[in-house]
Amino acid sequence: MTTPHRHFLNLSDAGGDAIALMLNDAIDRKAARRGLPKGTPDADAPLAGRTLAMIFEKNSTRTRVSFDMAMRQLGGTPMVMDAGSMQLGRGEPISDTAQVLSRMVDGVMLRTDDHAKVVTMAETGSIPIINGLTDLSHPCQIMADLLTVIEHGKALPGLKWAWLGDGNNVLHSIIEAGSLLGFSVQAACPKGYEPDADFVAQHDANFTLTRDPWEAVKDADIVVTDTWISMGQAHAEAKLAAMMPYQVTSALMAKAKPDALFLHCLPAHRGEEVTAEVIDGPQSVIWDEAENRLHAQKSILLWCFGLLG
């Protein structure tokens with residue numbers, strides 16, 4: 001069976017209609033599994049006979065476990081590969097790795113630093129490539145976020161999402177999702193920590209930037225933040241000082257709508273980007289959000305393998 005050449009590097013690779021299709025599929029598949037042991041395959045086992053190579057150049061808990069379990073539940077085989085123990089770690093070009101893996105597995109999920117690596121792998125390989133995280137974007141995380149918001153009774157078009165803190169890869173994908181699905185994003189970021197201007201220019205239909213966290217969260221439906229110090233960065237005191245006014249507190253959440261949801265992709269640093277009171281509070285849906293990495297990614301995999309849409 002020939003594997004379709006369909007990549008998921010950014011949300012725009014799929015587009016709004018396909019994203020909606022994947023989210024609906026994820027809702028149905030999650031419901032169909034209710035009560036089953038985690039390791040039980042889905043009844044249709046649609047990826048039986050398929051193997052996904054998962055390459056990690058950055059540490060991972062949620063991405064590693066969710067993709068591994070996604071393949072198992074879909075009836076396929078996951079293959080976890082640590083870049084440090086591969087020839088990639090000794091300098092083999094990623095283009096060569098992509099061509100070799102294309103002869104041996106059915107798809108690749110790459111979690112790495114430089115977005116150019118997933119682009120190169122997609123351009124030089126002949127199998128679907130999935131972005132498990134890069135410095136530019138984190139589309140799989142945002143699919144889980146969208147699924148979580150829908151599950152909690154909110155229709156995406158017309159929502160206001162408020163972002164607090166660093167203008168990073170997660171914010172990029174939220175901005176992209178807003179432009180595709182019709183919700184607005186207002187980000188409060190300190191000077192010097194704004195999202196990438198070129199990326200924003202491509203997806204800024206519903207995006208605004210402010211320095212004022214109170215303005216950003218006013219009447220927001222969704223409040224989102226992320227760790228201020230990314231993997232591989234030093235615990236920079238100057239950056240922490242610049243970010244502290246953007247900490248998500250109970251007082252800040254009170255400016256959002258009464259039924260606003262709090263999201264965080266995890267891991268979280270309680271007392272830095274968010275207080276313990278908020279992250280463990282009644283508006284926080286972070287555990288649903290974390291679980292939904294699994295369910296959303298199952299539908300992403302089916303779309304990438306040409307079995308959905």
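**A chat about Ser 173, the core and the aromatic pairs**

Biologist: Happy to start with Ser 173: which helix is Ser 173 found in?

Modeller: Keep in mind that this is a predicted model. Ser 173 falls in the stretch of residues 169-181, and that stretch is helix α6.

Biologist: Is Ser 173 buried or exposed?

Modeller: Buried means under 20% relative accessible area. Ser 173 has a relative accessible area of 0%, so Ser 173 is buried.

Biologist: Good to know! Which residue has its backbone nitrogen 2.9 Å from a polar atom of the Ser 173 side chain?

Modeller: Leaving aside residues up to four places away in sequence, Ser 173 touches Leu 11, Ser 137, His 138, Pro 139 and Ile 142. One of these also places its backbone nitrogen 2.9 Å from a polar atom of the serine side chain, and that residue is His 138.

Biologist: Which helix gives the most to the largest nonpolar core?

Modeller: The largest nonpolar core has 55 residues, and those with the most contacts inside it are Phe 8, Met 143, Leu 146, Trp 161, Phe 183 and Leu 301. With seven residues, the top contributor to this core is helix α12 (residues 286-304).

Biologist: Now the sheet, please: what is the order of the strands in the open sheet of four strands?

Modeller: The edge strands, each pairing on one side only, are β2 (77-82) and β4 (129-133). Strand β1 (residues 51-56) is joined to strand β3 (residues 107-111) by five bridges, and these two run parallel. Put together, the order is β2-β1-β3-β4.

Biologist: And which residue in β3 does Ile 55 stand opposite?

Modeller: Strand β1 covers residues 51-56, and its partner β3 covers residues 107-111. Opposite Ile 55, in β3, stands Leu 110.

Biologist: How many residues apart are Phe 8 and Trp 303, the pair that links distant parts of the chain?

Modeller: The structure holds two aromatic pairs. Phe 8 and Trp 303 form an edge-to-face one, 6.2 Å centre to centre with 75° between the planes. Phe 8 sits in the segment before α1 (16-32) and Trp 303 in helix α12, which puts them 295 residues apart.

Biologist: Why do the rings of Trp 161 and Phe 183 count as stacked?

Modeller: Trp 161 and Phe 183 are both buried. Planes under 30 degrees apart count as stacked. The ring centres of Trp 161 and Phe 183 are 4.7 Å apart, and the pair is stacked because the planes stand at 15°.

Key. Residues numbered from 1 in each chain as written. Predicted model: local features only at pLDDT ≥ 70, side-chain atom pairs only at ≥ 80, totals over all residues. Heavy atoms only, no water. Buried < 20%, exposed > 50% of the residue type's maximum accessible area, 1.4 Å probe, protein only. Contact = heavy atoms within 4.5 Å. Polar contact = N/O pair within 3.5 Å; in protein donor to acceptor, adjacent residues only side chain to side chain. Core = buried A, V, L, I, M, F, W, Y, C linked by side-chain atoms within 4.5 Å. Pairing = 2+ DSSP bridges. Phe/Tyr/Trp six-rings, centres within 6.5 Å; stacked < 30°, edge-to-face > 60°.
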